[in-house]
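This report looks at charged side-chain pairs and then at the nonpolar interior.

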Amino acid sequence: MNEEAIQFIKGYDFMRLGQAINRHQWQTAAMTIRRMEQQVQKPGLESFAKPFAGLRQAIMCRNEAEAKQILAMVTAKRVRMLESCRETEQ
């Protein structure tokens, strides 16, 4: 995985997105997911594109339960990627 992908996975956008959804700040969540969708166009992050599209749709519909469910899936994928990065560093 390249350095840009690692920086994205380690970034705070995931936390910001979760906080915005939790606090019902839909405009903030929409702007955050838009920025994140632009970043996943880079090599190594294509696997996030489909869940982000679903997350964007849930945010636009203000469907908190669906947004949280998709975010949980994305977070699990992110954790697996972080663990694999740590294993390759050692």
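A salt bridge is taken here as a side-chain nitrogen of Lys or Arg within 4 Å of a carboxyl oxygen of Asp or Glu. The model is predicted, so that local features need pLDDT of at least 70 and side-chain atom pairs count only at pLDDT 80 or more, while totals for chains, interfaces and linings use all residues. Residues are numbered from 1 along each chain as its sequence is written, and side-chain values use heavy atoms, with hydrogens and water left out.

A search of the whole structure finds four salt bridges, including these three:

| Pair | Closest N to O |
|---|---|
| Arg16 and Asp13 | 2.8 Å |
| Glu37 and Arg56 | 3.0 Å |
| Glu64 and Lys68 | 2.8 Å |

Glu37 belongs to helix H3 and Arg56 to helix H4, so their salt bridge ties together parts that are 19 residues apart in sequence; helices are DSSP runs (H or I, at least four residues), numbered from the N terminus. Glu37 is buried at 17% relative accessibility, whereas Arg56 is partly exposed at 34%, where buried means under 20% relative accessible area, exposed over 50% and partly exposed in between (1.4 Å probe, protein chains only). Glu64 and Lys68 both lie in helix H5, four residues apart, about one turn of the helix.

The largest nonpolar core, a set of buried Ala, Val, Leu, Ile, Met, Phe, Trp, Tyr and Cys residues joined through side-chain atoms within 4.5 Å, has 25 residues, and Phe8, Phe48 and Phe52 are among those with the most contacts inside it. Its largest share, six residues, comes from H5. Leaving aside neighbours within four places in sequence, Phe52 is in contact (heavy atoms within 4.5 Å) with residues including Phe8, Ile33, Glu37 and Val74.

Conventions:
Helix = DSSP H or I, 4+ residues; strand = E, 2+ residues; numbered from the N terminus.
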